[in-house]
Amino acid sequence: MFRSMLFIQYAVILAISFVSGVVCFQIFSLDKSMKLIEYIDPRVLDLTDVSIWNTILPLAAWVVLVLFFATHPFLHVLAKFIVAVKITFFGFSSVFLLTQQESLITYSVWWFPFQLIYCFLLFILCSVNTTKKIGTTRKNLFSQRLFVTIIITLTIICVGEIFAISYIL
């Protein structure tokens with residue numbers, strides 16, 4: 001029961017945040033949108049000279065932020081908010097790529113599938129640290145197995161993204 005409710009909660013956050021990114025893109029002017037995209041993930045603007053670090057650093061920044069808040073005893077709720085911000089940027093950048101005439105292949109092969117998988121994995125990363133009530137005390141439990149599984153999966157997906165950027169696009 002709890003896991004299905006968690007899945008529904010994550011799906012609602014995903015949908016609302018993505019649509020919020022679409023709405024934000026409509027509100028911003030194109031030059032301000034490009035500045036924001038350049039600040040957060042410049043690969044969206046230009047895929048011609050992308051290094052491995054341009055792929056790893058944005059992902060690592062999101063992972064570190066989510067992990068910091070997910071393991072913090074008082075601010076764990078903000079981990080889902082950070083993922084929601086990531087999804088909002090995902091929606092924002094998706095509309096940017098779709099409005100560019102030559103970017104439909106870039107969007108369908110690279111941006112949408114990889115960013116969607118990253119968002120799902122970041123949501124799962126929010127669940128790495130759980131609090132269980134044992135008697136009258138609360139105990140924080142860090143799931144090392146889940147953490148290692150997520151990190152390995154993120155690494156594999158990141159290598160796939162680098163391959164897609166380098167050889168497919």
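# A walk through a helical chain

The accessible surface of the protein chain comes to about 10300 Å², and carbon and sulfur atoms account for 70% of that area. The model is a predicted one. Of the 169 residues in the protein chain, 34% are buried.

Begin with the overall layout. The protein chain contains six helices and two strands. Following the sequence from start to end gives the order α-α-α-α-α-β-β-α. The radius of gyration is 17 Å, close to the 15 Å that the globule rule gives for 169 residues, so the protein chain is as compact as a globular protein of that length. Its C-alpha trace spans about 60 × 35 × 25 Å along the principal axes. The contacts show how the sequence is brought together: take those between residues at least 6 apart in sequence, and 68% of them join residues at least 24 apart.

Next, look at helix α6, which runs over residues 144-168. This helix has 25 residues, and the distance from its first C-alpha to its last is 35 Å, close to the 36 Å expected at 1.5 Å a residue. Which residues of α6 are buried? They are I150, L154, I157, C158, E161, A164 and I165. These buried residues pack against two other helices, α3 (52-71) and α5 (104-125).

Now turn to the aromatic rings. Searching the whole structure gives 12 aromatic pairs. One of them is formed by F18 and F90, with 5.1 Å from centre to centre and 70° between the planes, an edge-to-face arrangement. Why does this pair tie together parts that are 72 residues apart in sequence? The reason is that F18 lies in helix α1 (residues 2-27), whereas F90 lies in helix α4 (residues 77-99). The two partners also differ in how they are covered: F18 has a relative accessible area of 22% and is partly exposed, while F90 is at 1% relative accessibility and counts as buried. A residue is called buried when its relative accessible area is under 20%, so F18, at 22%, falls in the partly exposed class.

F90 has a further partner in F112. The ring centres of F90 and F112 are 5.7 Å apart and their planes are at 35°, so this pair is tilted. It too links distant parts of the chain, since F90 is in helix α4 and F112 is in helix α5, 22 residues apart. F112 is partly exposed, with a relative accessible area of 32%. F18, F90 and F112 belong to one aromatic cluster, which also includes F89, Y107, W110 and W111.

Finally, consider the cysteines. A disulfide is a covalent bond between the sulfur atoms of two cysteines. How many disulfides does the structure have? With a cut-off of 2.5 Å between cysteine sulfur atoms, the count is zero. C119 is in no disulfide, and the cysteine sulfur nearest to it, that of C126, is 11 Å away. The search from C126 leads back to C119: C126 is in no disulfide either, and the nearest cysteine sulfur is that of C119, 11 Å away. Because 11 Å is not within the 2.5 Å cut-off, C119 and C126 do not count as a disulfide. Are these cysteines buried or exposed? C119 counts as buried at 0% relative accessibility, and C126 counts as buried at 10%.

Methods:
Residues are numbered from 1 along each chain as its sequence is written. This is a predicted model: local features need pLDDT of at least 70, side-chain atom pairs count only at pLDDT 80 or more; totals for chains, interfaces and linings use all residues. Side-chain values use heavy atoms; hydrogens and water are left out. Helices (H or I, at least four residues) and strands (E, at least two) are DSSP runs, numbered from the N terminus. The expected span of a helix is 1.5 Å times one less than its number of residues. Buried means under 20% relative accessible area, exposed over 50%, partly exposed in between (1.4 Å probe, protein chains only). Contact means heavy atoms within 4.5 Å. Rings of Phe, Tyr and Trp (its six-membered ring) pair if their centres lie within 6.5 Å; planes under 30 degrees apart count as stacked, over 60 as edge-to-face and the rest as tilted. The radius of gyration is taken over C-alpha atoms; the globule rule is 2.2 Å times the number of residues to the power 0.38. Accessible areas come from the Shrake-Rupley method with a 1.4 Å probe; for residues, only the protein chains shown count as cover.
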